[in-house]
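Please load the model in your viewer and keep the selection panel at hand. The stops below go from one helix to the next, then to the strands, and end with the chain as a whole.

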Amino acid sequence: MITAIVKAEILPAKLDQLCEIANILQYNYAAKEEGCVRYESFIDGNTFITIEMWENQQVLDIHLQQEHVKTYVPQMKECIVNGIFHVTFIKSDDITHITI
């Protein structure tokens, strides 16, 4: 099981746009993908958070190559400070922090 915790600071003028895109990903695509155990997005103040759980690295890699990811993630990056998501991956006992 792999958990990805995605965080970013929202540009105030882009909140509505970010919410719209996040809802598309959450309800129309990601949560319906094979191997997706959980996919939920939240807003906490000016922080955007997505919690994703995937059965394994293979299904996560497939998810990241999907056309909807390639389409919507760049649009989301336009809505966050410096276009940067901070991601924590939890794989069993291993925790990795990256910036994308």
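A contact, as the word is used on this tour, means heavy atoms within 4.5 Å. The model is a predicted one, and the selections that follow should be read with that in mind.

**Helix H3.** Begin by selecting residues 67–77, which form helix H3, and display the side chains of His68, Val69, Tyr72 and Met76, which are buried. Looking down the axis of H3, you will find these buried residues within an arc of 95 degrees, so they line one face of the helix. An α-helix has 3.6 residues a turn, so residues three or four places apart point the same way. Which elements do the buried residues of H3 pack against? Add helix H1 (15–29), S3 and H2 to the view, since these are the elements against which the buried residues of H3 pack.

**Helix H2.** Move next to residues 57–64, helix H2, where Val59, Leu60 and His63 are buried. Seen down the axis of H2, the buried residues fall within an arc of 100 degrees, so here too they line one face of the helix. Their cover includes S1, strand S2 (36–44), S3, helix H3 and S4. Before leaving H2, zoom in on Asn56, which caps the N-terminal end of this helix, with a side-chain oxygen 3.0 Å from the backbone nitrogen of Gln58.

**Strand S1 and its partners.** Now select residues 2–9, strand S1, together with residues 47–54, strand S3; the two strands are antiparallel and pair over eight bridges. To see one of the pairings, pick Ala4, whose bridge partner in S3 is Glu52. Then add residues 86–91, strand S4, which runs antiparallel to S1 and is joined to it by six bridges. In this pairing, Ile2 has Lys91 of S4 opposite it.

**The whole chain.** Finally, clear the selection and colour the protein chain by secondary structure, which shows three helices and five strands in the order β-α-β-β-α-α-β-β along the sequence. The radius of gyration is 13 Å, close to the 13 Å that the globule rule gives for 100 residues, so the protein chain is as compact as a globular protein of that length. Along the principal axes, its C-alpha atoms fill a box of roughly 35 × 25 × 20 Å. Of the 100 residues, 36% are buried, and among contacts with a separation of 6 or more, 61% come from residues 24 or more positions apart. If you switch to a surface view, the chain exposes about 6,000 Å², of which carbon and sulfur atoms supply 51%.

Note on methods:
Residues are numbered from 1 along each chain as its sequence is written. This is a predicted model: local features need pLDDT of at least 70, side-chain atom pairs count only at pLDDT 80 or more; totals for chains, interfaces and linings use all residues. Side-chain values use heavy atoms; hydrogens and water are left out. Two strands pair if DSSP finds at least two bridges between them. Helices (H or I, at least four residues) and strands (E, at least two) are DSSP runs, numbered from the N terminus. Buried means under 20% relative accessible area, exposed over 50%, partly exposed in between (1.4 Å probe, protein chains only). The arc is that of the directions from the helix axis to the C-beta atoms. A polar contact is a pair of N or O atoms within 3.5 Å; within protein, one must be able to donate a hydrogen and the other to accept it, and residues adjacent in sequence count only if both atoms are side-chain atoms. The radius of gyration is taken over C-alpha atoms; the globule rule is 2.2 Å times the number of residues to the power 0.38. Accessible areas come from the Shrake-Rupley method with a 1.4 Å probe; for residues, only the protein chains shown count as cover.
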